[in-house]
Amino acid sequence: MTKKIKLDLFELKKKKDLREIYKFFKFKTRKWFDINLKPKKEFFILKKCLFCKSSTSREVFAIDGFSYHKCKSCESIYTKPHMRDDLLNSLYNDGTYQTYQNKLVKKGKKIRESTLENRKFSQINKLLKTKKPLILDVGCGGGTFLNICKQKGWIVEGIDPSPQSSKEVMKNYDIKVHLGDFNRIKIKKKYDVISFWGVLEHMLDPISALKKAKKHLNKNGILAFEVPSSDCFMSRYLQKYNFSPTRYIESARHNIFFSRKLIDKLSSENKLQIELIETNGLDIQTILFKEFDDLITEKIINIQDILNDVLLGDHYRVFLKKK
Ligand SMILES: [Zn+2]
């Protein structure tokens with residue numbers, strides 16, 4: 001198994017940036033709610049569970065007007081009512097999200113490149129038999145992950161909806177990026193690896209995306225993704241205590257949280273074999289945030305390490321193999 005990384009949230013992201021972005025989105029989404037913080041009809045729509053189409057759910061927590069429901073059938077958590085598709089698109093299309101995203105990832109760029117992306121690479125590489133694999137990274141952002149794969153000799157391609165990011169990846173790393181939405185774009189090739197790092201939870205239809213990815217995988221190809229977990233320690237904390245975390249929830253941007261039950265169901269229904277599941281959480285540091293004391297960093301990171309050992313960290317990382 002690839003060695004785990006004990007990650008410090010504040011090495012990765014600046015406290016100040018996390019706070020600012022949280023405040024910005026709270027301000028930006030405020031007009032979607034009435035004076036009593038109830039969702040306005042023109043902005044929201046009732047949808048069934050995106051995964052299993054069940055309409056039976058119960059509210060597990062409410063944050064800044066958004067209500068989060070747990071599906072009775074597949075145990076995923078989703079926003080209910082759901083934002084209308086055009087509203088979600090407008091959030092990404094006006095460029096503000098991109099600006100904030102760039103600011104947030106800037107601080108951690110070094111760790112990302114030197115450690116995190118390398119680990120993802122080696123996790124996938126261990127599962128592959130192909131010599132010069134062809135990879136498609138969906139939502140490739142700044143391209144740091146693809147660049148590592150390229151350096152290791154893989155043939156790499158990305159897809160991203162942002163024209164700015166796509167251009168930069170081409171310019172900085174000479175990597176081909178298809179511009180557009182994965183679910184809409186026409187794909188002609190088959191790949192040995194298709195990855196979605198922190199992407200599915202932002203999509204209007206993540207299940208179609210996973211099914212489409214499977215269709216474009218070669219036999220024994222790897223489908224890899226990282227998504228926020230609905231089973232994690234953080235989710236349990238939020239169900240018990242009233243609290244607005246600066247990450248993990250990301251109101252209006254994260255609308256789906258995956259359960260283990262759902263991952264198992266998805267893989268068996270689509271004949272994908274689970275090769276590896278782990279969690280990479282930052283639950284404790286996110287919860288302690290304001291009161292966080294540098295002196296106890298090590299202990300906190302150790303506690304998180306144990307939470308990850310028992311798969312209770314706030315993000316699932318999943319590797320499936322096409323049979
Ligand atoms: Zn469901």
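This report walks through some helix contacts, buried faces and backbone details of the structure above. The model is a predicted one.

**Two pairs of helices**

A good place to begin is with helix α5, residues 109-125, and helix α6, residues 144-151. Their axes come within 9 Å and cross at roughly 70°. Angles of 65 to 115 degrees count as roughly perpendicular, so α5 is roughly perpendicular to α6. The crossing of these two helices is right-handed. On the α5 side, the contact is made by Arg112, Glu113, Glu117, Asn118, Lys120 and Phe121, and these meet Thr144, Phe145, Ile148 and Cys149 of α6. Sorted by class, the residues of this contact are four nonpolar, two polar and four charged.

The second pair is α2, residues 15-29, with α4, residues 96-107. Here the axes come within 10 Å, and the crossing angle is roughly 165°. Angles over 145 degrees count as roughly antiparallel, and α2 and α4 are therefore roughly antiparallel to each other. Their crossing is left-handed. From α2 come Asp17, Ile21 and Phe24, while α4 brings Tyr100, Lys103, Leu104 and Lys107 to the contact. This contact of α2 with α4 has four nonpolar and three charged residues, with no polar ones.

**Helices with a buried side**

Let us return to α6 and look at its buried residues, which are Thr144, Phe145, Leu146, Ile148 and Cys149. They pack against α5, and also against β6 (134-138), β7 (155-160), α7 (163-173) and β9 (191-197). Just after α6 comes Gly153, with a positive phi of about 100°.

Helix α7 has buried residues of its own: Ser165, Ser166 and Val169. These cover an arc of only 100° around the axis, which puts them on the same side of α7. Gln164 and Lys171, on the other side of α7, are exposed. The buried residues of α7 pack against β7 and β8 (176-179). After α7 comes Asp174, where phi is positive, near 55°.

Helix α10 covers residues 260-269, and Leu262, Ile263, Leu266 and Ser267 are buried in it. Their arc around the axis is only 125°, which puts them on the same side of α10. The face turned away from that buried side carries the exposed residues Ser268 and Glu269. Among the elements covering the buried residues of α10 are α8 (206-215), β12 (272-279) and β13 (315-322).

**Backbone details**

Most residues other than glycine have a negative phi, and most peptide bonds are trans. Two residues with a positive phi are set side by side here.

| Residue | Phi | Place | C-beta neighbours within 10 Å |
|---|---|---|---|
| Lys271 | about 55° | loop between α10 and β12 | 11 other C-beta atoms |
| Leu311 | about 60° | loop between α12 (297-309) and β13 | 15 other C-beta atoms |

Neither Lys271 nor Leu311 is a glycine. With its 11 other C-beta atoms within 10 Å, Lys271 is exposed, whereas Leu311, with 15, is partly exposed.

The peptide bond from Lys80 to Pro81 is cis, with omega near -5°. Pro81 is in the loop between β4 (77-79) and β5.

**Two residues and their partners**

Strand β5, residues 82-83, holds His82. Is His82 buried or exposed? With 21 C-beta neighbours inside 10 Å, His82 counts as buried. Leaving aside residues up to four places away in sequence, His82 touches Phe44, Ile45, Lys47 and Asn255. One of these, Lys47, is 35 residues from His82 in sequence and 6.2 Å from it in space, C-alpha to C-alpha.

Our last stop is Gln239, in helix α9 (residues 233-240). With 13 C-beta neighbours inside 10 Å, Gln239 counts as partly exposed. Which residues does Gln239 touch, not counting residues up to four places away in sequence? They are Val60 and Phe61. Gln239 and Glu59 are 180 residues apart in sequence, and their C-alpha atoms are 9.2 Å apart in space.

Terms used. Residues numbered from 1 in each chain as written. Predicted model: local features only at pLDDT ≥ 70, side-chain atom pairs only at ≥ 80, totals over all residues. Axes fitted to C-alpha atoms, helices over the stretch in contact; angles between N-to-C directions. Helix = DSSP H or I, 4+ residues; strand = E, 2+ residues; numbered from the N terminus. Parallel < 35°, antiparallel > 145°, perpendicular 65-115°, else oblique. Left-handed = near helix turned anticlockwise from the far one by under 90°. Contact = placed C-beta atoms within 7 Å. Nonpolar A, V, L, I, M, F, W, Y, C, P; charged D, E, K, R; others polar. Buried ≥ 20, exposed ≤ 12 C-beta atoms within 10 Å, placed from the backbone. Arc of directions from axis to C-beta.
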